[in-house]
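Student: I should like to study one part of this protein closely. Could the discussion begin with a single residue and then widen to the whole chain?

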Amino acid sequence: MRTDRLIRVALPTGTVIAFLLIWTLYVRTADVSAFILPTPWQIIMAFVDLVSDASVWRHALVTVIEAVSGFLIAVFLGVTLGMAMARIQMLEWAFKPFIVCLQLIPKIALAPLFILWFGFGLESKIVIAAALAFFPVFSNALVAFRSVEPGDRDVFTMLQANPVQRFTMLDLPTALPVVLAGVEVAVVMSMIGAIVGEFIGGNEGLGYLAVAMLQELQVPGLFAVIVLLTLIGLTLYTLISQLRAWLTPWHSSVAGRENTA
């Protein structure tokens, strides 16, 4: 077991180190300009300078607020609508044309419209983040609440369980693992939505800062912003992943992951 853990740590670590060495060797031997592709060391130094600037954390806070707010809105609407449509067939029939059309439309293409409608402030970025994060949650919630076995429902009916007992003891435990899988995807999509909104029409946030770095040709700084965005996104994803493990310890995906840890 200890050997397996060492291999699981050593393999990705060795892969990352090899990748960085090849990257550095290529830039040095091919004499690539830092304006095109800086070395990992230049990016590290730029990252240290970036996080040492207090104003950067204000931009980071704005991006996190946009992403988390959009994420929470998407989770609430996605779970609520998914559960309602799974329970009420006529509701799905009524709204299915709108759902299909909205799923087919590239959400990023709607970003300029959201900025036009909601302005250049936080509101438009939150709406964009919510729009991108909504469908993973909604789709998984719809499938999850439909997946409750009819036989199990019949058993609860025979036991004369009330709606609250049926929901808390049958529907929710059955649907939760699938819903949380969609939530894991949604938190990543919400980050993408917030950044896209800042790219298009932002005056603050890490997406705006990345555009400013590009305009000033500070390519190492641009890479540093990307690294910071990656770390923030990874942190949010890890929190949701841990929440999933905490809420659904019985599910095979969580139990299997713990057994191989």
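Student: Is Met 45 buried, partly exposed or exposed, and what is the relative accessibility behind that label?

Tutor: The model is a predicted one, and the values below are computed from it. Met 45 has a relative accessibility of 37%. Buried means under 20% and exposed means over 50%, so Met 45, at 37%, counts as partly exposed.

The next step is to place this residue in its surroundings. Met 45 belongs to helix 2, which covers residues 40–52. On the surface, Met 45 is part of a nonpolar patch together with Trp 41, Ile 44 and Val 48. The accessible area of these four residues together is about 400 Å².

From the patch, the view can widen to the protein. Helix 2 is one of 11 helices, and the number of strands is zero. In sequence order, the pattern therefore reads α-α-α-α-α-α-α-α-α-α-α. The C-alpha atoms fill a box of roughly 75 × 55 × 30 Å along the principal axes. Of the contacts between residues at least 6 apart in sequence, 73% link residues that are at least 24 apart.

The surface of the whole protein may be described in a similar way. Its accessible area is about 15300 Å², and carbon and sulfur atoms account for 73% of this. Whereas Met 45 counts as partly exposed, 37% of the 261 residues count as buried. Finally, the protein carries 14 positive and 16 negative charges, and the mean positions of the two groups lie 7 Å apart.

Terms used. Residues are numbered from 1 along each chain as its sequence is written. This is a predicted model: local features need pLDDT of at least 70, side-chain atom pairs count only at pLDDT 80 or more; totals for chains, interfaces and linings use all residues. Side-chain values use heavy atoms; hydrogens and water are left out. Patches are made of residues with over 30% relative accessible area and no salt bridge: like charges are joined within 9 Å, nonpolar side chains (Val, Leu, Ile, Met, Phe, Trp, Tyr) within 5 Å. Accessible areas come from the Shrake-Rupley method with a 1.4 Å probe; for residues, only the protein chains shown count as cover. A salt bridge is a side-chain nitrogen of Lys or Arg within 4 Å of a carboxyl oxygen of Asp or Glu. Helices (H or I, at least four residues) and strands (E, at least two) are DSSP runs, numbered from the N terminus. Buried means under 20% relative accessible area, exposed over 50%, partly exposed in between (1.4 Å probe, protein chains only). Contact means heavy atoms within 4.5 Å. Lys and Arg count as positive and Asp and Glu as negative; His and the chain ends are not counted. The place of a charge is taken as NZ of Lys, CZ of Arg, CG of Asp or CD of Glu.
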